[in-house]
Amino acid sequence: MIALSGLFLAALLAATPVPFNSEVPFIALQAAGWPALTLVAVASVGNVLGSCVTYALGRGLGGWRDHPRFPIRPVQMARAEAWFRRWGLWSLLLSWAPGGDVLVAVAGLMRVPLPIFLVLVTVAKTARYAALAWAGTAAFGS
């Protein structure tokens, strides 16, 4: 249970602004013989919850948009909002990739409805861990 808790925590932290890695513990546990399906479930839940933390941080940042020291000017924000309305939702399917945490924070800033956010991020994160498990199965046969 400690091993799975460690994987959960690693996956959660990896989806926040904290620099962390979840692939190494995932692959290490798979190499040690843990069932791939269990690892995918635990890592996915942890990573999605970590993304919820990042989303909440982005949403909280939105309250500062009218502050004079907000680093993004209103014209830039309007352009970003237009881009995100066109591509932003689907870009959440890349939330698993390097830099994906920025997309997640922007989704919060742009106030993407939580149910839509959760569906897209859950699909992306679970697919990523499923692919990692597939690669591990090919490498370790477990």
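**Exercise 1. Place serine 91 in this predicted model, and decide whether serine 91 is buried or exposed.**

Step 1: find the element. Serine 91 sits in helix α4, which spans residues 74-91.

Step 2: check the accessibility. The relative accessibility of serine 91 is 9%. The cut-off for buried is under 20%. Serine 91 therefore counts as buried.

Step 3: list the neighbours. Leaving aside residues up to four places away in sequence, serine 91 touches Trp83, Phe84 and Leu103.

**Exercise 2. Describe the overall build of the protein: which elements does the protein have, and in what order do they run?**

Step 1: count the elements. There are six helices and zero strands.

Step 2: read the order. From the N terminus on, the elements run α-α-α-α-α-α.

Step 3: take the dimensions. Along the principal axes, the C-alpha atoms fill a box of roughly 55 × 25 × 20 Å.

Step 4: look at burial and surface. Of the 142 residues, 36% are buried. The accessible surface comes to about 8100 Å². Carbon and sulfur atoms account for 74% of that surface.

Step 5: look at contact range. Take the contacts between residues at least 6 apart in sequence; 75% of them join residues at least 24 apart.

**Exercise 3. Find the largest nonpolar core and say which helices each supply at least two residues of this core.**

Step 1: size the core. The largest nonpolar core has 14 residues. Those with the most contacts inside this core are Tyr55, Leu92, Ala107, Val112 and Phe117.

Step 2: assign the helices. At least two core residues come from each of α3 (36-62), α4 (74-91), α5 and α6.

Step 3: separate the other core. Another core, of 12 residues, lies apart from the largest one. Its members include Leu4, Leu7, Ala43 and Tyr129.

Step 4: zoom in on alanine 107. Not counting residues up to four places away in sequence, alanine 107 touches Tyr55, Phe84, Leu92, Val112 and Phe117.

**Exercise 4. Work out which residues of α5 are buried, and then follow the chain past the end of this helix.**

Step 1: list the buried residues. In α5 they are Gly100, Val104, Ala107, Gly108 and Leu109.

Step 2: identify the cover. α3, α4 and α6 are among the elements that cover these buried residues.

Step 3: move into the loop. Arginine 111 lies between α5 (100-109) and α6 (114-140).

Step 4: inspect the backbone. Just after α5, arginine 111 takes a positive phi of about 60°. This positive value occurs in a residue other than glycine.

Step 5: classify the exposure. Arginine 111 has 43% relative accessibility, so arginine 111 counts as partly exposed.

**Exercise 5. Locate the salt bridge and say which parts of the chain the pair links.**

Step 1: count. There is one salt bridge.

Step 2: name the partners. Glutamate 23 pairs with arginine 128. Their closest N and O atoms are 2.0 Å apart. The cut-off is 4 Å.

Step 3: map the pair. Glutamate 23 belongs to helix α2 (residues 23-31), and arginine 128 to helix α6. The two are 105 residues apart, so the pair links distant parts of the chain.

Step 4: compare exposure. Glutamate 23 is partly exposed, with a relative accessible area of 26%. Arginine 128 is buried, at 17%.

Step 5: set the pair against the whole charge pattern. The protein has 10 positive and 4 negative charges. The mean positions of these two groups are 6 Å apart.

Terms used:
Residues are numbered from 1 along each chain as its sequence is written. This is a predicted model: local features need pLDDT of at least 70, side-chain atom pairs count only at pLDDT 80 or more; totals for chains, interfaces and linings use all residues. Side-chain values use heavy atoms; hydrogens and water are left out. Helices (H or I, at least four residues) and strands (E, at least two) are DSSP runs, numbered from the N terminus. Buried means under 20% relative accessible area, exposed over 50%, partly exposed in between (1.4 Å probe, protein chains only). Contact means heavy atoms within 4.5 Å. Accessible areas come from the Shrake-Rupley method with a 1.4 Å probe; for residues, only the protein chains shown count as cover. Lys and Arg count as positive and Asp and Glu as negative; His and the chain ends are not counted. The place of a charge is taken as NZ of Lys, CZ of Arg, CG of Asp or CD of Glu. A nonpolar core is a set of buried Ala, Val, Leu, Ile, Met, Phe, Trp, Tyr and Cys residues joined through side-chain atoms within 4.5 Å. A salt bridge is a side-chain nitrogen of Lys or Arg within 4 Å of a carboxyl oxygen of Asp or Glu.
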